[in-house]
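Morning, everyone. Please have the model open, and we will go through it region by region.

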Amino acid sequence: MCSPQEFGMSAGGMRMVTRSRCRGLGAGPRGGGAEAAPLRRGKAAAAGEKSHPVKRQRKAQSLNVAYEASDGEKGETKPLRAPSWEPQEWRQQLANIRTMRSGKDAPVDQLGAEHCYDLSAPPKVRRYQVLLSLMLSSQTKDQVTASAMQRLRARGLTVDSILQTDDSTLGTLIYPVGFWRNKVKYIKQTSAILQQRYGGDIPASVAELVALPGVGPKMAHLAMAVAWGTVSGIAVDTHVHRIANRLKWTKKVTKSPEETRTALEEWLPRDLWSEINGLLVGFGQQTCLPVHPRCQVCLNKALCPAARVL
């Protein structure tokens, strides 16, 4: 288809863990016995007279109390800390983008990597096709990538079939994707590595994926999500990079998609990571265009810092 968290127990069942402040150097024993007697001075000490310890009033200890959740409770206690930085009004901006994207009618919604593999193929083959579609998509419109994937699948798109296809034929099949000559080389090299090291499957980690020729961080995170169903990070392409900077969703201006990914992951709740790529890509394809963005019809026109200058 190509159309994709010690003193007993508290009443609530929680253990109360206590910690006393450090008593400094020279502190007496920590046990429950009497305090160590002070040093004896003068004649009494010399004659071996018995001296009585001077009773000192014990200084009240300040206790820091933390609670450890019992087995039946959810969550865990985390130390208090100052709130991390987050953009102003980002929740409303996100809600507005969701509204504008509710139709799910952008090119990415029908032609993205999750739509360009053969549903009837074995899982290993499907994962390979996902990776190939991502490699082809770099610097290429979704429509062009989808067409190239259709032509490849018509010939039987597997690791073996690609390795048996000569470079000239492969180039003809994927043309006119961006940088198609380089992609022919990368596809052949990556396919050989997958056959030799992974039994024709694709790696299941970002580190191994980005080590493959022609596979970058964005492709690796998307492959983890689509092929393996694992959220490993935010996939940032040119649309996500552009929009995040226009909305000031980065603490400072970022100069590359990978820098933007790091900046977003510092504050954006993890449960939104899987959604953000498709949401912003489609928004960038339809409304927040690279040139002449459609600010007048954008629900964020009063909230977007860039709308005042574009």
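Start with Cys304. Its sulfur sits 6.3 Å from the closest cysteine sulfur, which belongs to Cys295, and that is too far for a bond. The cut-off for a disulfide is a pair of cysteine sulfur atoms within 2.5 Å. Keep in mind that this is a predicted model. Cys304 is also buried, at a relative accessible area of 10%.

Now Cys288. What is the nearest cysteine sulfur to Cys288? That of Cys304, 6.4 Å away, and Cys288 is in no disulfide. Cys288 counts as buried too, because its relative accessibility is 11%. By the distance rule, the count for the model comes to zero disulfides. As a reminder, a disulfide is a covalent bond between the sulfur atoms of two cysteines.

Stay with these cysteines, and look at the largest cavity. About 130 Å³ of space lies in it. The lining has 16 residues, and the closest to the centre are Phe283, Cys288, Cys295, Cys298 and Cys304. How does that lining divide by residue class? The split is 11 nonpolar, two polar and three charged.

Cys288 has another contact to point out. Arg242 touches Cys288, along with Gly284, Leu289 and Pro290, leaving aside residues up to four places away in sequence. Arg242 lies in helix H11. Is Arg242 buried or exposed? Buried, because its relative accessibility is 13% and the limit for buried is under 20%. One distance to note here: Arg242 and Lys255 are 13 residues apart in sequence, and 9.7 Å apart in space, C-alpha to C-alpha.

On to the largest pocket. Its volume is about 1,200 Å³. There are 48 lining residues, and the closest to the centre are Lys218, Asp237, His239, Asn277 and Val281. Which elements give two or more residues to this lining? They are H3 (107-111), H4 (123-137), H5 (142-154), H10 (217-228), H11 (238-246), H12 (257-265) and H13 (273-286). H13 provides the largest share, with eight residues. By class, the pocket lining has 19 nonpolar, 18 polar and 11 charged residues.

Next, the nonpolar cores. The largest has 37 residues. Inside it, the residues with the most contacts are Leu131, Leu136, Leu152, Ile162 and Leu209. Helices H4, H5, H6 (159-163), H7 (167-174), H8 (180-198) and H10 each supply at least two of its residues. Which helix gives the most? H4, with seven residues.

Take Leu152 from that core. Beyond residues up to four places away in sequence, Leu152 touches Leu136, Leu157, Ile162, Leu170, Leu173 and Ile174. Apart from this core lies another, of 28 residues. Among its members are Ala106, Val108, Leu268 and Cys304. That brings back the cysteine we started with.

A polar residue next. Thr190 is found in helix H8. Thr190 counts as buried because its relative accessibility is 0%. What does Thr190 touch? Leu131, Met135, Leu212 and Pro213, again not counting residues up to four places away in sequence. Leu131 also came up in the largest core, among the residues with the most contacts.

Last topic: backbone geometry. Most residues other than glycine have a negative phi, and most peptide bonds are trans. Here are the exceptions to check.

Tyr175 and Pro176 are joined by a cis peptide bond, with omega about 15 degrees. Where is Pro176? In the loop between H7 and H8.

Lys248 has a positive phi, near 60 degrees. The place of Lys248 is the loop between H11 and H12. Lys248 counts as partly exposed, because its relative accessibility is 45%.

His292 also has a positive phi, near 55 degrees. This residue is in the segment after H13. Is His292 buried or exposed? Exposed, because its relative accessibility is 69% and the limit is over 50%.

To recap: zero disulfides by the distance rule. A largest pocket of about 1,200 Å³. A largest cavity of about 130 Å³, with Cys288, Cys295, Cys298 and Cys304 among the residues closest to its centre. And a cis bond between Tyr175 and Pro176. Thanks, that is all from me.

Definitions and conventions:
Residues numbered from 1 in each chain as written. Predicted model: local features only at pLDDT ≥ 70, side-chain atom pairs only at ≥ 80, totals over all residues. Heavy atoms only, no water. 1 Å grid on protein atoms, 1.4 Å probe; cavity = no way out; pocket = protein on both sides within 12 Å on 5 of 7 lines; lining within 4 Å. Points joined across faces, edges and corners; volume = space filled by probe spheres on them. Helix = DSSP H or I, 4+ residues; strand = E, 2+ residues; numbered from the N terminus. Nonpolar A, V, L, I, M, F, W, Y, C, P; charged D, E, K, R; others polar. Buried < 20%, exposed > 50% of the residue type's maximum accessible area, 1.4 Å probe, protein only. Core = buried A, V, L, I, M, F, W, Y, C linked by side-chain atoms within 4.5 Å. Contact = heavy atoms within 4.5 Å.
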